[in-house]
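Reader: I'd like to go through this one with you, question by question. Could you put the structure up before we start?

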2 protein chains.
Amino acid sequence: MIAGVRGAGARGQDGAMNAIPEGYEELLLQPNFGHLATVRPDGDPAVTPMWFEWDGELLRFTHTTRRAKLRNIEHNPHVAVSVLDAAKPYQYLQARCVLESVTPDPTGAFYVKLAERYGMENPAPPPDSADRVIIAVRPFAYSKQ
Amino acid sequence: MIAGVRGAGARGQDGAMNAIPEGYEELLLQPNFGHLATVRPDGDPAVTPMWFEWDGELLRFTHTTRRAKLRNIEHNPHVAVSVLDAAKPYQYLQARCVLESVTPDPTGAFYVKLAERYGMENPAPPPDSADRVIIAVRPFAYSKQ
């Protein structure tokens, strides 16, 4: 999807835009890492790098039911994702998002799909496939540099 | 400073460690980007990539008084930083930190120091030097992969 089709990039407070800024969707289409920030139940932030997939509407991550990040997201469904291309580090995109769904991935198929996207050769389902879930989040505001 | 000197890496809840895991301080010593997560006054997370400096005790960022991130940190002094080396992306470090100080940098000298660390040649003080500050944060828990 071409970013411009979705809107003229109206700005809200803080200069945030409700559509991907022109030229920045490539950061999501390429296999860059997304640093996913969540808020812990105690109110502190947490952030770790994650694989993701972008379909023009949602960002999807592979995760497991046994980790803190899922607990955080279920407690506070707002997250933020920071994406940088290491080859062009002075252009970045932040997407502020809200949780759309958590879907079981008991065969690890989505993990394998992401592993292939990120360049692993012939990836196998992970040992923790039984606990795997797909976390889908919907961006509602973008900012950039 | 050698990480091992500061403790045996005792673990708290969530597997967090109170000293830098063995072998991971290099991620902070090299000029990798730090994805700095803060919590906005409305409770949502925010995250953007930042230059930083690590002195073995504190992480320091250059920032300005005119941006949302400083407002966030003054509202909630807990932050988190995710650091990845693009050349070895399957090893990362998360440092959860608390604000130590915000210090004026009216000549932009610390901006220039960081610009040099990140490979800019003969960097000049930025146009917004008058508003520049140094944000120093103190890590209290680490997690890794």
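What follows is a set of questions and answers on this predicted model.

Reader: Let's start with the interface. How many residues of chain A and of chain B take part in the contact?
Author: The contact draws on both chains, and the area buried between chain A and chain B is about 2700 Å². Carbon and sulfur atoms give 57% of that area. As for residues, the contact takes 34 from chain A and 34 from chain B.

Reader: Which three residues supply more than any other three of the area that chain A buries against chain B?
Author: The area buried between the chains is about 2700 Å². On the side of chain A, one trio supplies 20% of what that chain buries against chain B, more than any other three residues. The trio is P45(A), V47(A) and Y90(A).

Reader: Which element of chain A gives the most to the side that touches chain B?
Author: Between the two chains there are 13 residue pairs in polar contact. The elements of chain A that give two or more residues to that side are strand 1 (34-39), strand 2 (45-50), helix 2 (68-75), strand 5 (78-84) and strand 6 (92-104). By class, that side has 19 nonpolar, nine polar and six charged residues. The element that gives the most, with six residues, is strand 5 of chain A.

Reader: Now the charges. Which residues join R96(B) in one salt-bridge network?
Author: The count between chain A and chain B is four salt bridges. R96(B) meets D42(A) in a salt bridge at 3.9 Å, N to O, and D44(A) in another at 3.0 Å. Salt bridges that share partners make one network, and the residues joined there with R96(B) are R40(A), D42(A) and D44(A).

Reader: Is D44(A) buried or exposed?
Author: The salt bridge of D44(A) and R96(B) crosses between chains, from the loop between strand 1 and strand 2 of chain A to strand 6 (residues 92-104) of chain B. R96(B) has a relative accessibility of 11%, so it counts as buried. For D44(A) the value is 8%, and the cut-off for buried is under 20%. D44(A) is therefore buried.

Reader: Over in chain B, how far apart are the closest N and O atoms of E53(B) and K113(B)?
Author: E53(B) is buried because its relative accessible area is 15%, while K113(B), at 45%, is partly exposed. These two residues form a salt bridge, and their closest N and O atoms are apart by 2.7 Å.

Reader: Which residues of helix 3 of chain B are buried?
Author: Helix 3 of chain B spans residues 109-117. What covers its buried residues includes strand 3 (53-54), strand 4 (59-64) and strand 7 (132-144) of chain B. The buried residues of the helix are F110(B), Y111(B), V112(B), L114(B) and A115(B).

Reader: And the aromatics: what is the angle between the planes of F52(A) and F61(A)?
Author: The structure holds twelve aromatic pairs over all chains. F52(A) and F61(A) form one that is tilted, at 6.4 Å centre to centre. F52(A) is at 1% relative accessibility and so counts as buried; F61(A), at 0%, counts as buried too. The angle between the planes is 55°.

Reader: How many residues apart in sequence are the parts that W51(B) and Y111(B) tie together?
Author: W51(B) and Y111(B) form a tilted aromatic pair, 5.3 Å centre to centre. W51(B) lies in the loop between strand 2 (45-50) and strand 3 of chain B and Y111(B) in helix 3 of chain B, so the pair ties together parts whose separation in sequence is 60 residues.

Reader: Last one: is N122(A) buried or exposed?
Author: N122(A) sits in the loop between helix 3 (109-117) and strand 7 (132-144) of chain A. This residue is not a glycine, yet it has a positive phi of about 50°. Its relative accessible area is 76%, and the cut-off for exposed is over 50%. N122(A) is therefore exposed.

Notes:
Residues numbered from 1 in each chain as written. Chains lettered and ligands numbered in written order. Predicted model: local features only at pLDDT ≥ 70, side-chain atom pairs only at ≥ 80, totals over all residues. Heavy atoms only, no water. Contact = heavy atoms within 4.5 Å. Buried area = accessible area lost by both parts, 1.4 Å probe. Salt bridge = Lys/Arg side-chain N within 4 Å of Asp/Glu carboxyl O. Polar contact = N/O pair within 3.5 Å; in protein donor to acceptor, adjacent residues only side chain to side chain. Helix = DSSP H or I, 4+ residues; strand = E, 2+ residues; numbered from the N terminus. Nonpolar A, V, L, I, M, F, W, Y, C, P; charged D, E, K, R; others polar. Buried < 20%, exposed > 50% of the residue type's maximum accessible area, 1.4 Å probe, protein only. Phe/Tyr/Trp six-rings, centres within 6.5 Å; stacked < 30°, edge-to-face > 60°.
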